[in-house]
Amino acid sequence: MKRTGAGVLLVVGVLGTGAGFLVDQLLTASGRPTFTPAAMLPILLVLLGAAVVAFAIPVRRATRGTGASPDPFQALRIAMLAKASSIVGALTAGFAVGLLLFVLTRPVVPSVGSWGVVLATVGGGVALVAAGLVAEHLCTIRKDDDDEHPGGPDPGIGADGA
């Protein structure tokens, strides 16, 4: 499994920004109020990030030899959860940025109260990205000395010149 790259997170964030802007555009065009996330969303994003890091810490301890050996499938699931968390965090933060951009491009600027939840959602999404990347790093196994030349030279084929 490859680690999550900045390019993937950037693309997902840009797609989320476009989606957030488009949702508010469509809501306004149909005569409805703009979308404002629930006040609990940023709190849940931060709690999810904390849970992902907490799940990854035992894997880190096991790979460093200070803890009990975890189930390899469980370690893989935690690494995949970390990767998914960083992508979901980028999407959520991008979506909130799109909502904020839509509101800021309108001639009438709404009250600061609705901005607070959107800005907190951006912060929660960024925190989830950071937690996902940290957890993904914690689940990384260090390289062995023989990783550059796995298996060494093959003495079986052609060793005697035949």
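## A pocket shared by two helices

Helices α2 and α3 each supply at least two residues of the lining of the largest pocket. This is a predicted model, so please read everything below in that light. The largest share of that lining comes from α3, which gives four residues.

The volume of the largest pocket is about 270 Å³. Its lining is made up of 16 residues, and the closest to the pocket centre are Ala75, Ala79, Cys139, Thr140 and Ile141. If you are thinking about the chemistry of the lining, the residues divide into ten nonpolar, three polar and three charged.

## How α2 meets α3

Let's turn to the two helices themselves. Helix α2 covers residues 40–63 and helix α3 covers residues 72–104; their axes come within 10 Å and cross at roughly 155°. Because the angle is over 145 degrees, α2 is roughly antiparallel to α3. The crossing of these two helices is left-handed.

Which residues in α2 meet α3? On the α2 side they are Leu41, Leu45, Val52, Phe55, Ala56 and Val59. Their partners in α3 are Ala75, Ile78, Leu81, Ala82, Ser85 and Thr92. By class, this contact has ten nonpolar and two polar residues, with no charged ones. Ala75 is worth a second look: this α3 residue takes part in the contact with α2, and Ala75 is also among the residues closest to the centre of the largest pocket.

## How α1 meets α3

Helix α3 has another packing partner to explore. Helix α1, residues 6–29, packs with α3 at an angle of about 40°, and the two axes are 6 Å apart. Angles from 35 to 65 degrees fall outside the parallel and perpendicular ranges, and α1 and α3 are therefore oblique to each other. Their crossing is right-handed, whereas that of α2 and α3 is left-handed.

What classes of residue make up the contact of α1 with α3? There are 15 nonpolar, nine polar and one charged residues in the contact.

## Pulling it together

Helix α3 links the three parts of this report: α3 is roughly antiparallel to α2, α3 lies oblique to α1, and α3 provides the largest share of the pocket lining.

Methods: Residues are numbered from 1 along each chain as its sequence is written. This is a predicted model: local features need pLDDT of at least 70, side-chain atom pairs count only at pLDDT 80 or more; totals for chains, interfaces and linings use all residues. Side-chain values use heavy atoms; hydrogens and water are left out. Axes are lines fitted to C-alpha atoms, for helices over the stretch in contact, and angles run from 0 to 180 degrees between N-to-C directions. Angles under 35 degrees count as roughly parallel, over 145 as roughly antiparallel, 65 to 115 as roughly perpendicular and the rest as oblique. A crossing is left-handed if the near helix is turned anticlockwise from the far one by less than a right angle, and right-handed if clockwise. Contact means heavy atoms within 4.5 Å. Ala, Val, Leu, Ile, Met, Phe, Trp, Tyr, Cys and Pro count as nonpolar, Asp, Glu, Lys and Arg as charged, and the others, Gly among them, as polar. On a 1 Å grid over the protein atoms alone, a cavity is a set of points where a 1.4 Å probe fits but cannot get out, and a pocket is an open set with protein on both sides within 12 Å along at least five of seven lines; lining residues have an atom within 4 Å of a point. Grid points are joined across faces, edges and corners, and a volume is the space filled by probe spheres set on the points.
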